[in-house]
Amino acid sequence: MKSSKLMTIIVAIIIVAVVAGGGYYAYHYETTGTLKMSAADSPPSINGVAAVYVTFSSVALHSDKASSNSTGWTNYSLHDKTVNILNLTASNAAFLSNLSVHASSYNMMKLYIKNVTVHVSLSFAGILNSSTTINMSLAHAFALVVFVHPVTVSAHATTSMVTNFNLSNNIELNSSAHKFNMSATVNVLS
């Protein structure tokens with residue numbers, strides 16, 4: 001008799017867990033889309049620079065539909081993705097991540113950068129060739145991008161977004177500090 005009641009309780013708990021899990025899965029699936037994030041460099045290139053490796057740590061998206069009791073910001077990890085973005089364009093941009101985000105319209109983005117390393121190649125009259133690696137100091141912890149038009153991510157759909165850095169304006173190699181200024185624009189491809 002006791003084992004029959006115990007078995008009934010266990011079955012009831014399993015049924016409740018399955019229904020709750022299925023409901024959460026259905027809600028999550030019905031309300032999320034994919035934001036495909038990539039990074040590129042806007043021309044012109046920088047003389048003597050062979051590569052610019054940028055380590056992206058995370059991104060925060062701001063929903064333009066935020067409630068009054070919310071900041072509207074949601075953070076997503078990019079898992080310290082390092083890519084060489086020198087001379088890349090929107091058509092061959094470096095892939096950062098496919099983010100599963102809440103289906104919404106977003107009006108701002110904070111792109112957090114952990115590290116920037118510049119590889120410089122020097123040539124003196126074609127006789128002496130030299131190269132060096134410079135670790136850049138970051139002017140800010142993130143690049144704040146305000147979208148001219150909100151970026152919409154729809155449920156069950158993928159929106160592709162390329163963040164363009166104008167490295168010729170962002171990199172200061174002539175200063176003793178070797179500074180990387182955070183500024184970027186965004187192209188929404190789909």
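**Entry 1: Ser105**

I began with Ser105, whose place is in strand E5. I worked throughout with a predicted model. I asked whether Ser105 is buried or exposed. Ser105 has a relative accessible area of 11%, and buried means under 20%, so I entered Ser105 as buried.

I then looked up what surrounds this residue. Leaving out residues up to four places away in sequence, I found that Ser105 touches His62, Ser63, Asp64 and Lys65, and that Pro150, Val151 and Thr152 are also on its list. With Thr152, I noted a polar contact of 3.2 Å that joins the two side chains.

**Entry 2: Ala66**

I turned next to Ala66, which I located in the loop between E2 and E3. Its relative accessibility is 35%, and I therefore recorded Ala66 as partly exposed. I also looked up its separation from Ser105: the two C-alpha atoms are 9.8 Å apart, while the residues are 39 apart along the chain.

**Entry 3: the open sheet**

Which strands form the open sheet, and in what order? I found four strands, in the order E4-E1-E9-E12, and I noted that their pairing is mixed. The edges are held by strand E4 (94–102) and strand E12 (185–188). Each of these has a single partner strand, so one side of each is left without a neighbour in the sheet. From one strand to the next, I read an average twist of 25°.

I recalled that strands of a sheet pair through backbone hydrogen bonds, either parallel or antiparallel. I then examined one pairing within this sheet. Strand E1 (residues 32–41) and strand E9 (residues 158–165) run parallel, and eight bridges join them. As one detail of this pairing, I saw that Ala39 stands opposite Thr163 in E9.

**Entry 4: the largest nonpolar core**

I asked which residues of the largest nonpolar core touch the most other members. The core has 42 residues, and the answer is Met37, Val52, Phe56, Val59, Leu167 and Phe180. I next listed the strands that each supply at least two residues of this core: E1, strand E2 (49–63), strand E3 (73–84), E4, strand E5 (104–124), strand E8 (142–153) and E9. E5 gives the most, with seven residues.

I followed Val52 further, leaving aside its neighbours within four places in sequence. Val52 is in contact with Val83, Asn84, Ile85 and Leu86. Its contacts also include Val116, Thr117 and Val118, together with Leu167 and Ile171.

**Entry 5: aromatic pairs**

How many aromatic pairs does the structure hold? I found two.

One of them is formed by Phe56 and Phe165. The pair is tilted, with 6.0 Å from centre to centre and 45° between the planes. I noted that Phe56 is in strand E2 and Phe165 in strand E9, 109 residues apart, and that the pair links distant parts of the chain. I recorded Phe56 as buried, with a relative accessible area of 0%. Phe165 is buried too, at 0%.

The other pair consists of Tyr112 and Phe142. Their ring centres are 5.2 Å apart and their planes stand at 55°, so I entered this pair as tilted. Tyr112 lies in strand E5 and Phe142 in strand E8, so the pair ties together parts that are 30 residues apart in sequence. I looked up the accessibility of both residues. Tyr112, at 22%, counts as partly exposed, and Phe142, at 28%, counts as partly exposed.

Note on methods:
Residues are numbered from 1 along each chain as its sequence is written. This is a predicted model: local features need pLDDT of at least 70, side-chain atom pairs count only at pLDDT 80 or more; totals for chains, interfaces and linings use all residues. Side-chain values use heavy atoms; hydrogens and water are left out. Two strands pair if DSSP finds at least two bridges between them. Axes are lines fitted to C-alpha atoms, for helices over the stretch in contact, and angles run from 0 to 180 degrees between N-to-C directions. A nonpolar core is a set of buried Ala, Val, Leu, Ile, Met, Phe, Trp, Tyr and Cys residues joined through side-chain atoms within 4.5 Å. Buried means under 20% relative accessible area, exposed over 50%, partly exposed in between (1.4 Å probe, protein chains only). Contact means heavy atoms within 4.5 Å. A polar contact is a pair of N or O atoms within 3.5 Å; within protein, one must be able to donate a hydrogen and the other to accept it, and residues adjacent in sequence count only if both atoms are side-chain atoms. Rings of Phe, Tyr and Trp (its six-membered ring) pair if their centres lie within 6.5 Å; planes under 30 degrees apart count as stacked, over 60 as edge-to-face and the rest as tilted.
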